[in-house]
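Here is a short briefing to read alongside your bench notes. Please take a look at the sequence and the structure first.

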Amino acid sequence: MGNFFHTPKPRKFSIPYRYFDPEKEAMQEREERIKSELGLSEKKEWSDPNYRPNIRGQFRRSLKSSKSIEDSKKKSAIRLILLIVILCLIFYLLLKF
């Protein structure tokens, strides 16, 4: 009878870091800062100065695909309604005669 009124305590959210080493991260930041101060920067830059990522048309393309999905949903709904109407007519005619 005691378990009937038992309310469980909330569990604490705790995820241990798997791939994060704070010492290694701090060491890499120090190395990058020192290299940038000495002018030995090893950052990989894009070799072409006129490079622009091809993002411009991506949103339109995803919008078109979502429109085609909406169109297909509308078409399937129309087909379903027509099927139901036809079945109702057939059922009515069978009962009538």
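The points below go from the whole chain to its helices and then to its surface patches.

This is a predicted model. The protein holds two helices and zero strands, and 0% of its 97 residues count as buried.

**Overall surface**
- The protein exposes an accessible surface of about 11000 Å², and carbon and sulfur atoms account for 61% of that area.

**Helix α1 and what follows**
- Helix α1 covers residues 22-38.
- The end C-alpha atoms of α1 lie 24 Å apart, which agrees with the 24 Å that its 17 residues should span at 1.5 Å a residue.
- After α1 comes G39, and its phi is positive, near 85 degrees.

**A negative patch**
- On the surface, D21, E23, E25, E29, E31 and E32 come together as a patch of negative charge.
- One of these residues, E32, sits in α1.
- E32 counts as exposed because its relative accessibility is 54%, and the cut-off for exposed is over 50%.

**A nonpolar patch**
- I78, L80, L82, L83, I84, I86, L87, I90 and L94 make a nonpolar patch of about 890 Å² on the surface.
- L80, a member of this patch, is found in helix α2, which runs over residues 58-96.

Note on methods
Residues are numbered from 1 along each chain as its sequence is written. This is a predicted model: local features need pLDDT of at least 70, side-chain atom pairs count only at pLDDT 80 or more; totals for chains, interfaces and linings use all residues. Side-chain values use heavy atoms; hydrogens and water are left out. Patches are made of residues with over 30% relative accessible area and no salt bridge: like charges are joined within 9 Å, nonpolar side chains (Val, Leu, Ile, Met, Phe, Trp, Tyr) within 5 Å. Accessible areas come from the Shrake-Rupley method with a 1.4 Å probe; for residues, only the protein chains shown count as cover. A salt bridge is a side-chain nitrogen of Lys or Arg within 4 Å of a carboxyl oxygen of Asp or Glu. Lys and Arg count as positive and Asp and Glu as negative; His and the chain ends are not counted. The place of a charge is taken as NZ of Lys, CZ of Arg, CG of Asp or CD of Glu. Helices (H or I, at least four residues) and strands (E, at least two) are DSSP runs, numbered from the N terminus. Buried means under 20% relative accessible area, exposed over 50%, partly exposed in between (1.4 Å probe, protein chains only). The expected span of a helix is 1.5 Å times one less than its number of residues.
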